[in-house]
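Keep the model open while you read. The walk goes from one helix to a ligand site, then to a few single residues.

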Amino acid sequence: MLMTGDQYIESLRKLKTRVYMFGKQVENWVDNPIIRPSINSVAATYDLAQDPQYKDLMTAKSNLTGETVNRFAHLHQSPEDLKKKVKMQRLLGQKTASCFQRCVGMDAFNAVYSTTFETDKKFGTNYHKNFVNYLKYIQENDLVVDGAMTDPKGDRGLMPSKQRDKDLFLRIVEKRDDGIVVRGSKAHQTGSINSHEHIIMPTITMTEDDKDYAVSFACPSDAEGLFMIYGRQSCDTRKTEEFNQIDVGNKKFGGQEALVVFDDVFIPNDRIFLCGEYEFSGMMVERFAGYHRQSYGGCKVGVGDVLIGAAAVIAEYNGAAKASHIKDKLIEMTHLNETLYCCGIACSTEGWATESGNYMVDLLLANVCKQNVTRLPYEITRLAEDIAGGLMVTMPAESDFKSDLKVTKDGQTIGDMCQKYFAASPACTTEERQRMLRLIENMCLGTAAVGYRTESMHGAGSPQAQRIMISRQGNIAAKKELAKKIAGIES
Ligand code: SF4
Ligand code: FE
């Protein structure tokens with residue numbers, strides 16, 4: 001059954017998820033003005049799936065049940081499915097201008113599905129069946145799942161079992177007949193608070209010494225012992241101000257990150273997908289990271305579309321749209337943005353069937369995609385700020401624009417002064433200009449910059465992680481042979 005956005009929001013109210021922010025527990029986190037925009041972004045993944053115009057992108061036929069499911073809960077069955085995933089993410093980026101969070105679960109489903117299949121084949125374990133039953137439950141109820149990989153990691157020079165504090169990587173602390181008890185945390189978890197469920201995966205390739213850390217499982221967001229501490233974002237308290245229609249930049253949508261803490265959480269046997277088989281931790285990491293690096297060739301491109309549009313509009317508002325350098329900057333922004341999209345589509349087109357039958361992206365191209373994402377959105381942002389002008393960061397507050405405090409000798413108000421001195425081309429009202437500048441600010445420096453800028457750098461793995469994969473996948477040895485052959489060198 002596909003839920004609507006409203007039904008999704010109502011379903012969150014039934015959970016007893018423990019959320020902390022600014023040192024306090026947030027009781028009604030669904031209606032909290034700082035958290036709610038991120039919930040609205042996820043709700044858009046439901047609402048668009050109801051829209052006949054987007055049905056082909058937003059839904060798919062489940063290979064497990066034959067039913068129509070939200071594509072965010074789908075196992076990719078072909079390169080075509082992989083491409084539709086990227087196009088769906090671009091669409092959502094365009095509609096929300098932020099991170100819509102549901103992709104981490106989708107990427108986890110696809111990575112865990114194929115990895116459990118291969119783990120069972122080698123060890124005779126039961127993880128694939130556990131996972132298939134779990135995913136059927138998710139698909140049938142149209143749930144959001146946080147795919148959680150990143151541990152806090154402590155001292156980066158030490159493996160998990162060598163850390164001073166053993167909890168810096170999530171681990172099994174007890175094995176019982178009916179399940180396991182886990183302790184630790186997952187850091188910067190996208191969309192964790194407004195997910196119904198969590199899938200946990202290891203964060204690095206483990207060795208035998210670290211086999212208690214080679215663990216993957218699922219649990220509900222309100223499992224006993226689980227809680228989350230909200231990650232604050234630049235300019236977040238603007239969302240709580242009395243005048244918050246314009247200064248927030250993007251009133252309706254936003255992203256969300258949190259620290260998810262497992263304070264001895266019990267996981268029953270049928271929700272376990274890896275439990276000590278450290279040999280397969282690397283495969284799970286590599287596949288999840290590969291899918292999520294592909295994802296960025298869709299979501300960031302969609303947000304980039306909005307930013308390019310905003311830059312073009314503000315150029316008109318400023319009366320500068322006809323200047324040749326502005327036109328050229330918009331061309332450059334488009335070129336950069338579409339370069340990212342090319343990578344997202346390319347790694348999908350070159351997708352291949354795993355042993356379990358679902359499709360994996362081409363890992364080299366997916367890593368090239370994400371490596372570009374660590375750079376190009378920064379240049380797009382730089383050009384947007386260039387076109388917008390300094391007013392983007394020097395403009396008075398919305399409350400000034402609305403103030404009726406008299407300040408001039410002939411009785412004009414602060415609001416009058418803002419209207420007078422920030423008027424530009426007759427193509428717009430001062431308020432329209434103000435709105436567009438705040439939107440650009442939001443994407444370049446404000447709450448949405450978490451998703452568009454810094455997440456472009458570190459989300460789905462920091463730049464060096466992609467370079468390691470590129471070096472592994474780049475096959476320099478074969479390239480050397482090509483060169484030697486052309487040059488007529490035998491050895
Ligand atoms: Fe989805 Fe992009 Fe957010 Fe990752 S960063 S969850 S791919 S929108
Ligand atoms: Fe991300």
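Helices, of type H or I and at least four residues long, and strands, of type E and at least two, are DSSP runs numbered from the N terminus. By that numbering, Asn-372 is found in helix H9, which covers residues 363–373. The model is a predicted one.

Stay with Asn-372. Is Asn-372 buried or exposed? Its relative accessibility is 19%, so Asn-372 counts as buried; the cut-off for buried is under 20%. Leave aside its neighbours within four places in sequence. Asn-372 is then in contact with Thr-339, Leu-340, Cys-343 and Pro-377.

Now turn to helix H2. H2 runs over residues 36–50 and has 15 residues. From its first C-alpha to its last it reaches 21 Å. That is close to the 21 Å expected at 1.5 Å a residue. Where does H2 bend? The bend is at Ala-43, and the angle is about 25°.

Next, the surroundings of H2. Twelve of its 15 residues are buried, so H2 is largely enclosed by the rest of the structure. Ala-43, the site of the bend, is among the buried residues. On the N-terminal side of Ala-43, the buried residues are Pro-37, Ser-38, Ile-39, Asn-40, Ser-41 and Val-42. After Ala-43 come Ala-44, Thr-45, Tyr-46, Leu-48 and Ala-49. What covers these buried residues? The cover includes helix H1 (5–13), helix H3 (55–58), helix H4 (79–96) and three strands: E3 (59–61), E4 (68–70) and E10 (226–230).

Helix H4 leads on to the ligand. The loop between H4 and helix H5 (103–123) holds Gln-101. Phi of Gln-101 is near 70°, a positive value in a residue other than glycine. With a relative accessibility of 3%, Gln-101 counts as buried. Gln-101 is also one of the residues around ligand 1.

Where does ligand 1 sit? Ligand 1 occupies the largest cavity. Around ligand 1 are Cys-99, Phe-100, Gln-101 and Cys-103, along with Thr-190 and Glu-455. The list also has His-292, Ser-295, Tyr-296, Cys-299 and Lys-300. Which element gives the largest share of this shell? Helix H7, residues 281–317, does, with five residues.

Now look at the loop between strand E5 (145–148) and strand E6. Lys-153 lies in this loop. Phi of Lys-153 is near 75°, again a positive value in a residue other than glycine. The relative accessible area of Lys-153 is 23%, so Lys-153 is partly exposed. Lys-162 lies in the loop between E5 and E6 too. Lys-162 has a relative accessible area of 49%, so this residue is also partly exposed; exposed would need over 50%. Lys-162 and Asp-210 are 48 residues apart along the chain, and their C-alpha atoms are separated by 8.9 Å.

Strand E6 is the last stop. E6 covers residues 171–176, and Val-173 is found in it. At 30% relative accessibility, Val-173 counts as partly exposed. Which residues does Val-173 touch, not counting those up to four places away in sequence? They are Val-181, Val-182, Arg-183 and Asp-264. Val-173 and Ile-387 are 214 residues apart in sequence. In space, their C-alpha atoms are 54 Å apart.

Definitions and conventions: Residues are numbered from 1 along each chain as its sequence is written. Chains are lettered from A and ligands numbered from 1 in the order in which they are written. This is a predicted model: local features need pLDDT of at least 70, side-chain atom pairs count only at pLDDT 80 or more; totals for chains, interfaces and linings use all residues. Side-chain values use heavy atoms; hydrogens and water are left out. The expected span of a helix is 1.5 Å times one less than its number of residues. The bend at a residue is the angle between axes fitted to the seven residues ending there and the seven starting there. Buried means under 20% relative accessible area, exposed over 50%, partly exposed in between (1.4 Å probe, protein chains only). Contact means heavy atoms within 4.5 Å. A residue is near a molecule or strand if one of its heavy atoms lies within 4 Å of it. On a 1 Å grid over the protein atoms alone, a cavity is a set of points where a 1.4 Å probe fits but cannot get out, and a pocket is an open set with protein on both sides within 12 Å along at least five of seven lines; lining residues have an atom within 4 Å of a point. A molecule sits in a cavity or pocket if more than half of its atoms lie within 2 Å of its grid points.
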